[in-house]
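Please examine the structure shown below. The report that follows describes selected features of its chain under short headings.

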Amino acid sequence: MWEAGVFGTGWALSQHSHCFSRSLRESNVIAGQGGRGSNWAYGYHGQRGEGERGLLQRAMESVRLEAERSDCYCGTVLFHSLSGGTGAGLGARLCEKIREEFPAGHILSVSVAPHQSGESPLQHYNTLLSLAALHSSADGLLLFHNDEALSQALAVQTRGRAGPPGAPAQTSLAAMNLHISSCLGGLLLPVHSLTTASGLSLGLEPWELLRSVCPLPAAKLLHTSQACSSDATPWESLASSSLKTVPPNSPCGEPVSFHGTLPPGPHCLSPSVPSSH
């Protein structure tokens with residue numbers, strides 16, 4: 001789903017990108033005539049009198065058609081933001097409708113949290129309301145943060161920059177999206193190490209990920225980090241940035257400590273199991 005302004009940009013891209021136009025069915029591209037005013041309630045409940053041609057109803061019809069085309073429907077991966085009324089409100093409502101329509105399927109919500117400040121006066125309210133609704137309907141919440149994506153994109157451009165020293169580095173929205181898509185690709189796309197003898201490359205399906213790391217209904221928040229062999233990112237820095245999102249105390253109120261150790265072999269990164277004291 002796209003808002004009117006975003007839809008125009010995406011459709012222009014599709015005219016110049018054969019891969020983009022081939023991967024999306026034109027009947028599944030749904031655009032509204034306007035946004036939701038950065039209001040979660042407006043996005044969640046929709047406009048009065050929308051009826052069967054409302055944005056939510058049309059989106060659900062496309063989801064049903066795609067589920068009917070598949071041999072075995074396993075679940076849905078929902079991509080949306082948490083700052084505006086469309087991404088936060090309509091995204092949360094769409095997740096609930098998919099849960100009602102396909103109760104046996106898995107739902108992985110890939111949500112992008114807004115910057116700490118500067119996007120919208122209501123962004124923090126929209127984020128909290130959306131996360132509360134998603135927690136009751138989705139099986140897993142994979143969270144990305146705009147501030148973190150921005151810092152990672154700036155770090156990459158700073159390392160490969162050929163400009164004068166001391167000049168401020170600049171990045172773009174495309175570079176931030178590239179970082180997020182790279183994290184998702186490294187997590188879900190097929191890899192060479194899992195290629196079978198028949199030549200079929202296996203990846204970690206989202207449903208296997210949910211069954212492995214979200215075994216309890218209360219444990220749904222996920223976070224992923226990325227490190228490439230060509231980058232000079234030390235393992236300690238990567239582990240430290242990942243552990244920043246972990247609460248310092250257990251549900252019982254006891255402090256939790258995490259210890260990561262490196263084995264002697266090169267390029268073999270394996271932290272020890274977190275221990276609780």
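## A salt bridge within helix α9

In this predicted model, glutamate 208 has a relative accessibility of 36% and therefore counts as partly exposed. Its salt-bridge partner is arginine 211, with the closest N and O atoms 2.7 Å apart. Arginine 211 is likewise partly exposed, at a relative accessible area of 45%. Both residues belong to helix α9 (residues 206-213), and because they are three residues apart there, about one helical turn separates them.

## Salt bridges between distant parts of the chain

Side chains of opposite charge can pair when their charged atoms come close. The chain holds six salt bridges, among them the pair within α9 described above.

Arginine 64 and glutamate 101 form another salt bridge, in which the closest N and O atoms are 3.2 Å apart. Arginine 64 is part of helix α4 (residues 55-69) and glutamate 101 is part of helix α5 (residues 85-101), so this pair ties together parts that lie 37 residues apart in sequence. Both partners are partly exposed: the relative accessible area is 25% for arginine 64 and 37% for glutamate 101. The two residues also belong to a network of salt bridges that links Glu61, Arg64 and Glu101.

Which side chain meets that of arginine 99 in a salt bridge? The partner is aspartate 139, at an N to O distance of 2.7 Å. Arginine 99 lies in helix α5, whereas aspartate 139 lies in the loop between α6 (123-137) and β3; the pair therefore ties together parts that are 40 residues apart in sequence. Arginine 99 has a relative accessibility of 19% and counts as buried, because the cut-off for that class is under 20%. Aspartate 139, with a relative accessible area of 25%, is partly exposed.

## Helix α7 and its buried side

Helix α7 comprises 14 residues (residues 146-159). At 1.5 Å a residue the helix should span 20 Å, and its end C-alpha atoms are indeed 20 Å apart, so the expected and computed values agree.

Which residues of α7 are buried? They are Asn146, Ala149 and Ala153. These residues cover an arc of only 65° around the axis, which means that they lie on the same side of α7. The elements against which the buried residues of α7 pack are β2 (106-113), β3 (140-145) and α8 (173-188).

## The second largest pocket

The second largest pocket has a volume of about 850 Å³. Its lining consists of 20 residues, of which Val213, Leu221, Leu222, His223 and Thr224 are the closest to the pocket centre. Two or more lining residues come from each of β3, α8, α9 and β4 (221-222). Two of these elements, β3 and α8, also pack against the buried residues of α7, and α9 is the helix that contains glutamate 208 and arginine 211.

## The chain as a whole

The chain has 277 residues, 31% of which count as buried. Its secondary structure comprises 10 helices and six strands. Among contacts with a separation of 6 or more, 64% are between residues 24 or more positions apart. The salt bridges between arginine 64 and glutamate 101 and between arginine 99 and aspartate 139 also tie together parts of the chain that are apart in sequence.

Definitions and conventions
Residues are numbered from 1 along each chain as its sequence is written. This is a predicted model: local features need pLDDT of at least 70, side-chain atom pairs count only at pLDDT 80 or more; totals for chains, interfaces and linings use all residues. Side-chain values use heavy atoms; hydrogens and water are left out. Helices (H or I, at least four residues) and strands (E, at least two) are DSSP runs, numbered from the N terminus. The expected span of a helix is 1.5 Å times one less than its number of residues. Buried means under 20% relative accessible area, exposed over 50%, partly exposed in between (1.4 Å probe, protein chains only). The arc is that of the directions from the helix axis to the C-beta atoms. Contact means heavy atoms within 4.5 Å. A salt bridge is a side-chain nitrogen of Lys or Arg within 4 Å of a carboxyl oxygen of Asp or Glu. On a 1 Å grid over the protein atoms alone, a cavity is a set of points where a 1.4 Å probe fits but cannot get out, and a pocket is an open set with protein on both sides within 12 Å along at least five of seven lines; lining residues have an atom within 4 Å of a point. Grid points are joined across faces, edges and corners, and a volume is the space filled by probe spheres set on the points.
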